[in-house]
Amino acid sequence: MKKKLLLLPGDGIGPEVIAEARRIAELLVADIEIETGLVGGASFDAHGAPLTDETLARALKSEAVLLGAVGGPKWTGTARDLRPEAGLLALRKGLDVFANLRPAFCFPALVDASSLKREKVEGLDLMIVRELTGGVYFGTPRGIDEVGGLRRGYDTAIYTHPEIERVARVAFDIARGRSGRVLSVEKSNVMESGLFWRQEVTLAHAEFGGGVALAHMYADACAMELVRAPKQFDVILADNLFGDLLSDEAAMLTGSIGMLPSASLGAPGTPGLYEPVHGSAPDIAGQGIANPCAAILSLEMALRWSLGKEKAADALLAAVGKALDRGARTRDLGGELTTRQMADAVIAAL
Ligand code: NAD
Ligand code: IPM
Ligand code: MN
């Protein structure tokens, strides 16, 4: 049976970049069934919910889901649980994709596109493993209310033993295929959930971390080190919130957030969710100038990790590098190409 790829373009530049990824997928692999669906604001507008049961059921029946981006000013006033972002969180939770892999590598052609000096980023290749279905994003109680005349807002940062163990194991497995080093970050100096994170990662390392060197760092120090000397890092393991922040920071080391893909994985044999690290970019949506590379490279990760198309993935990764070598640049990279032209350059290189 053909493997299924479900495209969920979403909002803003999501549909623009996913259209290019689709074009490339159709060119590159004939024996994959491609479907599309709605998520985020697009789904809310059509069905009154940012993720419908039907779309989640279709996602669960696919091998891979490729999502563009969700959100935008149009839905700012919408109730929180109906906001586009809630649809994305429900999709991650519904697929139980707890390990979010966010690679940050600097293509040789882009060493001068970073805001850091060339020698800081040349050869940079790091992998952030972000816990994706727990922590302060999902903890309860949470809310905005009033107690004794005092208005307040609060969230709960909470992790359980299995949640930390399973994502730490993914980080160790990935490190074994790389330089064998994992840096775990938290704020165990001020947070109980941070102290628990450090303890649990240490225990998981003793049991499952054979061949891997584990180190720890406070997340704020890591944020600083990432711009001081990013090449010291290989695999960074972080909770949901710190992983979110550090991966946006890492994105800029590589030149543009428009370059960075991600893969979110659950238990073996379950569907993977693939999405650019960037958002719906309302400031440039509809202009056809978004960089499609993050979406194209997310397709590359889907081909590699969920669709059993490693050769096609290798070819696609090489083609993106070649297009950049030949000077193809969208505006975020200091060039003039449109979204479509950038994808054309990748296709030409293919
Ligand atoms: P953003 O990533 O959408 O945009 C940040 C900046 O980067 C903007 O200047 C934008 O123009 C630029 N940018 C982003 N992607 C680009 C691309 N492919 N090519 C060129 N430039 C690009 O982040 P934001 O502005 O903080 O968020 C906008 C909306 O997106 C919000 O509603 C937010 O919640 C949502 N969001 C969604 C996701 C997701 O769907 N995975 C991720 C992040 C933010
Ligand atoms: C991301 C985004 C999301 C997150 C939002 C849109 C829910 O910032 O994918 O990095 O915070 O996880
Ligand atoms: Mn983010």
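**Exercise 1. Determine how the shell around ligand 1 divides by residue class.**

Solution. Begin with the shell itself, which holds 21 residues, a residue being counted as near when one of its heavy atoms lies within 4 Å of the molecule. Sorted by class, these are 10 nonpolar, 7 polar and 4 charged residues, where Ala, Val, Leu, Ile, Met, Phe, Trp, Tyr, Cys and Pro count as nonpolar, Asp, Glu, Lys and Arg as charged, and the others, Gly among them, as polar. The closest residues are V70, E85, G279, A281 and D283.

This is a predicted model, in which local features need pLDDT of at least 70 and side-chain atom pairs count only at pLDDT 80 or more, while totals for chains, interfaces and linings use all residues. Residues are numbered from 1 along each chain as its sequence is written, chains are lettered from A and ligands numbered from 1 in the order in which they are written, and side-chain values use heavy atoms, with hydrogens and water left out.

**Exercise 2. Find which atom of ligand 1 lies 3.0 Å from a polar side-chain atom of E275.**

Solution. The partner of the E275 side chain is a nitrogen atom of ligand 1. The protein covers 68% of the 800 Å² of accessible area that ligand 1 has on its own (Shrake-Rupley method, 1.4 Å probe).

**Exercise 3. Explain why C106 forms no disulfide.**

Solution. A disulfide requires two cysteine sulfur atoms within 2.5 Å. Because the closest cysteine sulfur to that of C106, in C293, is 13 Å away, the pair is too far apart for a bond.

Conventions:
A polar contact is a pair of N or O atoms within 3.5 Å; within protein, one must be able to donate a hydrogen and the other to accept it, and residues adjacent in sequence count only if both atoms are side-chain atoms.
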